[in-house]
Amino acid sequence: MSGKPFYVTTPIYYVNDKPHLGHAYTTVAADAKARFHRLRGEKAQMLTGTDEHGQKLEQAAREAGKDPLAFATENSQKFRELWDKLNIQVDDYIRTTEERHKRGVQELWRRVQAAGDIYKDEYEGKYCVACENFLTDLQLVDGKCPDCGRPVESVREESYFFRLSKYEQPLLEYYESHPKFIQPDTRRNEIVSFVRGGLRDLSVSRTSFQWGIPVPGDPKHVIYVWFDALSNYATAAGFGSVEGGSGLPDDTPWPADQHFIGKDILRFHSVYWPAFLLSAGVPLPGQVFSHGWWTIEGQKMSKSLGNAVDPHWLIEEYGVDAIRYFILREIPFGVDGDFSHRQLINRVNSDLANDLGNLLYRTLNMVRRYRGGKLSRSAEGPGAANEEALSGAAAGVAARYETQMEETNLQGGLRSVWELVSAANKYIDAAAPWALAKSGPEERLDSALYHAGAALRVIAAMICPVMPATADKIAAQLGLAGDWLSAPFQELLDFYAMPDGLETTVGPPLFPRIEDDTRVALEKKVAARIAGGDENGEGGGGAEKQKTDDDEAAGLITIENFRRLDLRTATVEAAENIPKSKNLLKLTVSLGDERRTIVAGVAKYFTPEKLIGRTVVIVVNLQPAKLMGVESQGMLLAAEDGGGLKLVGVEGGASPGSRIR
Ligand code: MSP
């Protein structure tokens with residue numbers, strides 16, 4: 001096999017969290033897509049990995065009392081372990097702390113800079129640490145992040161900007177000429193109207209923390225974590241490992257054919273990422289496919305609900321392939337859906353145990369009883385009309401399946417396969433091999449069993465991208481050779497290509513039915529997991545944990561968190577404009593026994609004279625930030641009131657340096 005592989009990627013996951021159902025969903029989908037291409041005889045390259053830089057990770061490591069790299073390494077490993085357990089065929093696993101990645105990111109930066117698309121300024125606005133996203137006041141919802149609902153930080157710091165605004169038209173033209181670049185179409189339309197609404201330049205560096213890749217030539221800046229993270233798709237493909245030219249090695253899999261992502265990170269992937277690449281002169285990926293979000297038992301996923309769908313636990317209870325099947329079968333890829341254990345149990349019992357499992361069992365059991373396990377093609381070939389109907393149905397399903405999988409309609413692909421499962425079961429009912437075994441003719445019995453077996457072989461091939469272990473079990477019971485999947489795709493899906501004389505064996509049920517008592521026990525376990533207790537329903541501190549989780553989800557902080565803020569009164573001793581800045585004033589404030597310089601974005605509302613002598617409130621323990629060349633050693637508090645700004649003060653005044661509690 002030569003030529004570029006089909007290259008599919010998942011987002012690289014943040015390592016401040018342990019892997020959850022949402023992560024498993026994208027990764028299973030990408031694995032299924034890569035396996036589908038391998039089934040078609042193509043090379044495929046599946047990339048996943050971890051996103052290890054940024055303010056969120058730095059904070060999480062600090063809270064865990066760990067060094068950021070050690071913390072990231074530990075958690076990155078948890079993702080790898082889950083992918084092994086989920087039977088994901090990972091071809092490359094990238095960590096953003098790897099050298100190959102850092103080198104590639106810096107090279108991309110240099111190319112974007114050389115294109116004249118990077119300039120230095122000051123960023124003033126809001127930042128959501130959880131989403132690592134810059135936001136304007138207008139974007140906030142009730143003062144909080146519009147995407148995750150968490151409180152945002154006010155940020156004011158020197159920053160490099162990327163000329164995103166310059167790419168408004170080029171992006172729109174690109175979307176127009178590549179109508180499948182963003183999928184599904186509803187998401188594409190959202191992005192097109194977002195870009196039509198106008199793009200603002202994007203801050204692409206931070207100075208208020210260290211944990212990131214240094215900006216080439218200005219190491220006090222670290223590269224914005226999304227510039228860093230998005231580049232992984234190209235750096236893993238070798239971008240930056242070759243000097244000059246395209247920056248890519250000859251055998252690179254770049255450009256990626258598909259980026260699989262969740263809808264929450266679509267803008268980063270379909271606006272920022274292609275704009276960076278256009279600027280750097282690197283080819284764009286083929287498609288960004290944005291899937292929907294899972295709710296859990298009808299509710300938005302939170303940490304406590306996440307326990308009820310912890311992938312490790314799901315695998316233990318239901319098995320890997322049942323989970324892989326359920327998440328891809330239950331909702332169309334691209335649309336939101338609900339994960340309910342009841343529904344999962346229904347699918348295991350009906351689709352997997354009754355329909356597929358039973359088809360295999362009843363077929364091979366009859367082959368054993370009536371033919372000593374040997375599956376022979378009838379000397380007469382297909383005869384009865386329903387045999388041709390079955391092989392015709394198989395051909396129709398195979399054709400539809402291929403298109404659906406190609407178009408990433410994974411649910412549709414599985415539905416098609418189950419049409420054949422159902423047709424094969426109906427065929428057996430109608431052919432009634434048990435009656436043929438009694439009264440013959442023998443050729444008809446052979447033919448009936450061969451047709452059922454042939455349907456199973458085609459079914460096994462088509463489910464293998466989603467349920468690889470089940471496909472292998474079916475093939476083994478049918479007596480196919482261990483390398484059965486290496487046959488050409490058309491042969492695998494060719495009903496009559498099943499070899500004659502296979503020696504079959506009856507194995508244990510593929511998917512045992514989940515009986516009522518097990519279902520009740522499972523429901524109890526789910527409830528206990530949601531409450532955060534152990535699986536016998538005992539609390540184990542669960543109530544308290546859930547409260548913390550819920551508080552976190554509601555954006556509440558603990559009293560300890562609040563006490564970490566050092567707020568004090570201060571007297572403004574001097575104030576002056578900062579040359580070339582419309583927003584900033586430089587203040588000298590007294591905290592009683594200490595003097596500090598504060599750079600405040602208040603010039604539009606106050607002249608320097610108006611501030612001198614005022615008692616103000618200052619955040620004292622904020623990391624210093626350099627703004628327009630002046631170091632600010634704290635932050636002034638003020639209330640936004642309509643279009644105006646009012647300084648926060650203290651009733652009746654207070655001596656400078658008084659602590660605010
Ligand atoms: N690190 C970034 C991605 C950088 S890619 C260059 C990130 N990481 S993440 O770990 O927070 O999320 C990864 C993926 O999980 C996203 O695609 C997101 O949509 C997905 N999900 C998180 N919760 C989800 C559900 N409840 N349901 C489905 N997918 C969800 O974002």
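# Group meeting: the ligand site and the strands around it

Of the 23 residues around the ligand, those that come nearest are I12, D51, G262, D264 and W294. Before I go on, please keep in mind that this is a predicted model.

Let me stay with the ligand for a minute. Which parts of the chain supply its shell? At least two residues each come from β1 (6-14), α1 (21-39), α7 (225-230), α8 (232-235) and β12. The largest share is that of β1, with four residues. By type, the shell has 13 nonpolar residues, eight polar ones and two charged ones.

Now the polar contacts. D264 has an N or O atom in its side chain at 2.4 Å from an oxygen atom of the ligand. For G262 the atom concerned is in the backbone: a polar atom there is 2.8 Å from a ligand oxygen. H23 uses its side chain, with a polar atom 3.1 Å from an oxygen of the ligand. How much of the ligand does the protein bury? Taken alone, the ligand exposes 670 Å², and 94% of that is buried by the protein.

G262 takes us to the next topic, strand β12, which spans residues 258-262. β12 pairs with β13 in the parallel sense, over four bridges. One pair to look for is I261, whose bridge partner in β13 is S290. The connection between these two strands includes helix α9, residues 266-280, and β12, α9 and β13 together make a right-handed β-α-β unit.

β13 also pairs with strand β7, residues 182-183, again in the parallel sense, here over two bridges. In that pairing, I182 has V288 of β13 as its bridge partner. And where do the side chains of β13 point? Along residues 288-291, V288 and S290 point one way, F289 and H291 point the other way, and all of them are buried.

Right after β7 there is a backbone feature to note. Most residues other than glycine have a negative phi, and most peptide bonds are trans. Q183 and P184, however, are joined by a cis peptide bond, with omega about -5 degrees. P184 sits in the loop between β7 and α6 (185-196). A cis peptide bond also joins G440 and P441, with omega about -5 degrees. P441 is in the loop that runs between α16 (433-439) and α17 (442-463).

On the phi side, I have two residues to show. D142 is not a glycine, yet its phi is positive, about 50 degrees. D142 is located in the loop between β5 (133-135) and β6 (153-162). Is D142 buried or exposed? Its relative accessibility is 76%, so D142 counts as exposed. M628 is also a residue other than glycine with a positive phi, near 45 degrees. M628 belongs to the loop between β23 (625-627) and β24 (630-632). With a relative accessibility of 35%, M628 counts as partly exposed.

Since β5 has come up, here is the sheet that holds it. Four strands form an open sheet in the order β5-β4-β6-β8, and the pairing is antiparallel. Why is one side of β5 and of β8 (202-203) left without a neighbour in the sheet? These two strands stand at the edges, and each has a single partner strand. For β5 and strand β4, residues 118-128, the pairing consists of three bridges, and the strands run antiparallel. Within it, K126 stands opposite L135 of β5.

There is also an open sheet of three strands, ordered β15-β14-β16, with mixed pairing. Its edge strands are β15 (299-300) and β16 (337-339), each of which pairs on one side only. Strand β14, residues 294-296, is joined to β16 in the parallel sense by three bridges. There, I296 has F339 in β16 as its bridge partner. If you are looking for a link back to the ligand, W294 is among the residues that come nearest to it.

Last item, a long-range pair. P468 lies in helix α18, residues 468-478. At 8% relative accessibility, P468 counts as buried. P468 and R35 are 433 residues apart in sequence, but their C-alpha atoms are 8.8 Å apart in space.

Note on methods
Residues are numbered from 1 along each chain as its sequence is written. This is a predicted model: local features need pLDDT of at least 70, side-chain atom pairs count only at pLDDT 80 or more; totals for chains, interfaces and linings use all residues. Side-chain values use heavy atoms; hydrogens and water are left out. Buried means under 20% relative accessible area, exposed over 50%, partly exposed in between (1.4 Å probe, protein chains only). Two strands pair if DSSP finds at least two bridges between them. A crossover is right-handed if, with the strands pointing away from the viewer, the path from the first strand over the helix to the second runs clockwise. A residue is near a molecule or strand if one of its heavy atoms lies within 4 Å of it. A polar contact is a pair of N or O atoms within 3.5 Å; within protein, one must be able to donate a hydrogen and the other to accept it, and residues adjacent in sequence count only if both atoms are side-chain atoms. Accessible areas come from the Shrake-Rupley method with a 1.4 Å probe; for residues, only the protein chains shown count as cover. Ala, Val, Leu, Ile, Met, Phe, Trp, Tyr, Cys and Pro count as nonpolar, Asp, Glu, Lys and Arg as charged, and the others, Gly among them, as polar.
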